[in-house]
Amino acid sequence: MQTENPSTNNRIGLLGKIATQPSFSHDVYGEGFYSFDLLVPRLSDTHDLLPITISERIMDKDKFVPGVDIDISGQIRSYNNFIEEERRNRLVLTVFAKDYELREGLHKENPNEVHLDGYICKPPIYRTTPFGREICDLLLAVNRSYNKSDYIPCITWGRNARFGSKLEVGDNIKLWGRMQSRLYQKKMEDGDVVEKTAFEVSVAKLEQAEQAVDFDAHV
C-alpha cells in the first residue's frame, strides 16, 4: 500500500528550546546522527520534552547547546528497541529533523504541529476515565520511502474518540494535532514501580479517507 507522496504523509514542526547537549546516536553508511531533547511549550503554559534526531551533515555543533531556541521541521520516526529488563521490544519514537532555523524567542502561534496520513494497523482501544472523559488510542502506520513504515501511537478525545472507536484495521485516515510527552508509572516484575515517559500524537482533527486496505502489521 502506498499513498501518493510519502514525503507529505508525515510532517511535524516544532519550536522549542534545546534542553540537552546533543550526543552521538548512530551512523548509517558513514553519516553520523546525533540526538537531544527539545523543550516545547504548550498553549497551557506547560511543556513537552521531545526527543530529536539530526544528521551531523546539517547541524552546526558549536551552536547546538542547551538554552538555544530552534525551529525544527521534519518527520516522526519509530523503531523497535529491545528492553533487557522487560525482555521485549518497545516502540520508540523520535523526531527526525530535516531542516531547522536557530531563533531568538519562542513566539509562534502554534509551536507544535503534526500532520499524518496513514492506516489503522491495530484495533482502536476506546475507554472512559473515572471522570467520564472519552479516550480512544489509535496506532497509525505511515508510509515512508523505500517501502518502510513508521508506527505512531495517537490519542483522541471526546467526539474524535467516538469516531476513532468505529475505525477498522486498514482504514486510511488523516489527522492533525501535536506530539506530546506523558509520564506514567509502570510496575515491574519484581514489584518495583518506575516512572517512564510515553510519546504520542494528541489529535485535534481527524478524518477518514475514501480508501481502505488489507493490513496485517506486527509491531
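The charged end of R77 sits over the ring of F96, 4.5 Å from the ring's centre, and that's a handy place to start looking around. Keep in mind that this is a predicted model. In outline, the protein has one helix and twelve strands. Of its 219 residues, 44% count as buried.

**The overall picture**

- Starting at the N terminus, the elements go β-β-β-β-β-β-β-β-β-β-α-β-β.
- Take the contacts in the protein with a separation of 6 or more: 64% of them come from residues 24 or more positions apart.
- The protein exposes about 12,500 Å², and 46% of that is supplied by carbon and sulfur atoms.

**Charges over rings**

- Back to the opening pair for a moment: the ring under the charged end of R77 belongs to F96, and F96 is itself buried, with a relative accessible area of 19%.
- F96 makes it into the buried class because the cut-off is under 20% relative accessible area.
- There's another arrangement of this kind at W176, where the charged end of K205 sits over the ring, 4.7 Å from its centre.

**Aromatic pairs**

- How many aromatic pairs does the count come to? The answer is four.
- One of them is F24 with Y34, an edge-to-face pair with 5.7 Å centre to centre and 85° between the planes.
- This pair links distant parts of the chain, with F24 in strand 2 (residues 23-28) and Y34 in strand 3 (residues 31-41), ten residues apart.
- The two partners don't share a burial class: F24 counts as partly exposed at 48% relative accessibility, while Y34 counts as buried at 15%.
- F33 and F96 pair up too: their ring centres are 6.1 Å apart and their planes meet at 45°, so this pair is tilted.
- Here, too, distant parts of the chain are linked, as F33 is in strand 3 and F96 in strand 6, 63 residues apart.
- F33 counts as buried, at 8% relative accessibility, and F96 is buried as well, at 19%.
- Elsewhere, ring pairs tie F36, F64 and Y100 together into a cluster.

**T94 and what it touches**

- You'll find T94 in strand 6 (residues 88-103).
- Is T94 buried or exposed? With 9% relative accessibility, T94 counts as buried.
- The side chain of T94 is joined to that of T53 by a polar contact of 2.8 Å.
- Setting aside residues up to four places away in sequence, T94 touches P51, I52, T53, Q75, I76 and R77.
- R77 on that list is the residue whose charged end sits over the ring of F96.

**A loop with unusual backbone angles**

- Most residues other than glycine have a negative phi.
- Which way does Y146 go, positive or negative? Y146 has a positive phi of about 65°, although it isn't a glycine.
- N147 isn't a glycine either, and its phi is positive at about 60°.
- Y146 lies in the loop between strand 9 (134-144) and strand 10 (148-157), and N147 lies in the loop between strand 9 and strand 10 too.
- Y146 is exposed, with a relative accessible area of 76%, and N147 counts as exposed at 71% relative accessibility.

**Cysteines**

- How many disulfides turn up in a search of the whole structure? Zero.
- C154 is in no disulfide, and the nearest cysteine sulfur, that of C121, is 9.5 Å away.
- That rules out a bond for C154, because a disulfide needs the two sulfur atoms within 2.5 Å.
- C154 is buried, with a relative accessible area of 2%.
- C136 is buried as well, and its relative accessible area is 0%.

**Q185, out in the open**

- Q185 has its place in strand 11 (residues 171-187).
- At 63% relative accessibility, Q185 counts as exposed, because the cut-off for that class is over 50%.
- Leaving out neighbours within four places in sequence, Q185 is in contact with V193 and V194.
- Q185 and T197 are twelve residues apart along the chain, and 8.6 Å separates their C-alpha atoms.

Key: Residues numbered from 1 in each chain as written. Predicted model: local features only at pLDDT ≥ 70, side-chain atom pairs only at ≥ 80, totals over all residues. Heavy atoms only, no water. Helix = DSSP H or I, 4+ residues; strand = E, 2+ residues; numbered from the N terminus. Buried < 20%, exposed > 50% of the residue type's maximum accessible area, 1.4 Å probe, protein only. Contact = heavy atoms within 4.5 Å. Areas by Shrake-Rupley, 256 points an atom, 1.4 Å probe, with all protein chains shown as cover. Polar contact = N/O pair within 3.5 Å; in protein donor to acceptor, adjacent residues only side chain to side chain. Phe/Tyr/Trp six-rings, centres within 6.5 Å; stacked < 30°, edge-to-face > 60°. Lys NZ or Arg CZ within 6 Å of the ring centre and 35° of its normal.
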